[in-house]
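Student: Could you take me through one part of this model up close? I'd like to hear about the aromatic rings and what sits around them.

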Amino acid sequence: MTDTKNHSGGPTGSPKDRVFQPTSFSELAEAVELAFDYRGDVTVALKSGESLSGYLFNRQVSGPGSYIELFPSDSSQARQIRYDQIVTIAFTGEDTATGKSWENWIAKKDSERRAETARVAADAKARGIM
């Protein structure tokens, strides 16, 4: 697949600022999957010359009938776009989950639990229970 930025997505692995110009159905399907997993807006350029920016929230891969569904940034109406109309997919919006890994969440929750345990123990000690 042609990636016009030719980089790996930076230190966080985010595809932010990458532009994909698929040359086959399988490359397009791969780019759509990346866009579907992306938590930011994408810009889809169409063969008609139209360009849509928004959040890709659904996709259906079924051969010639494959399509994506996008909530455009400038409209409240979802748009359905057939795969065969897509020229490029650009990752233009900020990925809202960048740097928010599961491991970071677990570490934060563990730290909160330890702090709560220490608070309860200090309270119990102050009351003469411990």
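Tutor: Sure, let's begin with F71, which counts as partly exposed at 37% relative accessibility. Its ring partner F57 is partly exposed too, at 28%. Keep in mind that this is a predicted model. The protein's mean pLDDT is 85, with 86% of its residues at 70 or more. One stretch to treat with care is residues 5-11, where the pLDDT is below 50, although the model gives this stretch nine contacts beyond near neighbours in sequence. Where pLDDT is low, the predicted coordinates shouldn't be read in detail.

Back to the rings: searching the whole structure turns up four aromatic pairs. One of them is Y38 with F91, an edge-to-face pair with 5.0 Å centre to centre and 90° between the planes. Y38 belongs to the loop between α1 (25-37) and β3 (42-46), and F91 to the loop between β7 (86-90) and α2 (102-126), so this pair ties together parts 53 residues apart in sequence. Y38 is buried, at 2% relative accessible area, and F91 is buried as well, at 1%.

As for F57 and F71, their rings are stacked, 4.1 Å centre to centre with 20° between the planes. That pair also links distant parts of the chain: F57 is in strand β4 (residues 51-60) and F71 in strand β5 (residues 67-72), 14 residues apart.

Y38 and F91 also have company, as ring pairs link them with F20 into a cluster. And there's a charge to look at: the charged end of R59 sits over the ring of F36, 3.6 Å from its centre.

How values were computed:
Residues are numbered from 1 along each chain as its sequence is written. This is a predicted model: local features need pLDDT of at least 70, side-chain atom pairs count only at pLDDT 80 or more; totals for chains, interfaces and linings use all residues. Side-chain values use heavy atoms; hydrogens and water are left out. pLDDT is the predictor's confidence in each residue, from 0 to 100. Contact means heavy atoms within 4.5 Å. Rings of Phe, Tyr and Trp (its six-membered ring) pair if their centres lie within 6.5 Å; planes under 30 degrees apart count as stacked, over 60 as edge-to-face and the rest as tilted. Helices (H or I, at least four residues) and strands (E, at least two) are DSSP runs, numbered from the N terminus. Buried means under 20% relative accessible area, exposed over 50%, partly exposed in between (1.4 Å probe, protein chains only). A charge sits over a ring if NZ of Lys or CZ of Arg is within 6 Å of the ring centre and within 35 degrees of the ring normal.
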